[in-house]
Amino acid sequence: MNINLDNPDIMSSSEAAEIWGKSESYVRISLRQSKDKWPKGTYRRFGKTIVVTTKGMEAVTGIKDPRKKK
């Protein structure tokens, strides 16, 4: 199974927060307070780094990917 890490739908939590116009700590706080809102497989922790997917951000924020509106 190959995973394309160049896929723009995979990003760091800080990058995702910036794209969705949220504070830098948004993802971390959301995972702590509302982990059940995140669909399975849409986030992962690597030490202190959190990696998320577009699908996860859309589910939690209720906002479609702002990059696709352009």
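Which residue takes a positive phi in the hairpin of β2 and β3? That is glycine 47, with a phi near 65°, and the hairpin has two residues between its strands. Before going on, a reminder that this is a predicted model.

I'll start with the sheet. The sheet is open and has three strands, ordered β1-β3-β2, with antiparallel pairing. β1, residues 10-12, and β2, residues 43-46, are the edge strands, and each of them pairs on one side only. From one strand to the next, the twist averages 25°.

Now the two pairings. Between β1 and β3, the latter being residues 49-53, there are three bridges, and the sense is antiparallel. Within that pairing, serine 12 has valine 51 of β3 as its bridge partner. On the other pairing, β2 and β3 are joined by four bridges and also run antiparallel. There, arginine 45 stands opposite isoleucine 50 of β3. As a general remark, side chains in a regular strand alternate between the two faces of the sheet.

Next, the helices on the sheet. Helix α2, residues 26-33, packs on the sheet and touches β2 and β3. The direction of α2 makes about 85° with that of β3. Helix α3, residues 54-61, packs on the sheet too, but its contacts are with β1 and β3. For α3, the angle to the direction of β3 is again about 85°.

Let me stay with α2 for a moment. Which of its residues are buried? They are Val27, Ser30 and Leu31. Looking down the axis of α2, these buried residues fall within an arc of 95°, so they line one face of the helix. The face turned away from that buried side carries Arg32 and Gln33, which are exposed. As for what covers the buried residues of α2, the cover includes α1, residues 13-19, together with β2, β3 and α3.

Last, the empty space. How much space lies in the largest pocket? About 340 Å³. The lining of the largest pocket consists of 15 residues, and those nearest its centre are Ile3, Ile10, Gly41, Val51 and Thr53. By element, β2, β3 and α3 each supply at least two residues of that lining. Val51, then, comes up twice: as the bridge partner of serine 12, and among the residues nearest the centre of the largest pocket.

To recap the elements: β3 pairs with β1 over three bridges and with β2 over four, α2 and β3 are in contact, and so are α3 and β3.

Conventions: Residues are numbered from 1 along each chain as its sequence is written. This is a predicted model: local features need pLDDT of at least 70, side-chain atom pairs count only at pLDDT 80 or more; totals for chains, interfaces and linings use all residues. Side-chain values use heavy atoms; hydrogens and water are left out. Two strands pair if DSSP finds at least two bridges between them. Axes are lines fitted to C-alpha atoms, for helices over the stretch in contact, and angles run from 0 to 180 degrees between N-to-C directions. Contact means heavy atoms within 4.5 Å. Buried means under 20% relative accessible area, exposed over 50%, partly exposed in between (1.4 Å probe, protein chains only). The arc is that of the directions from the helix axis to the C-beta atoms. On a 1 Å grid over the protein atoms alone, a cavity is a set of points where a 1.4 Å probe fits but cannot get out, and a pocket is an open set with protein on both sides within 12 Å along at least five of seven lines; lining residues have an atom within 4 Å of a point. Grid points are joined across faces, edges and corners, and a volume is the space filled by probe spheres set on the points.
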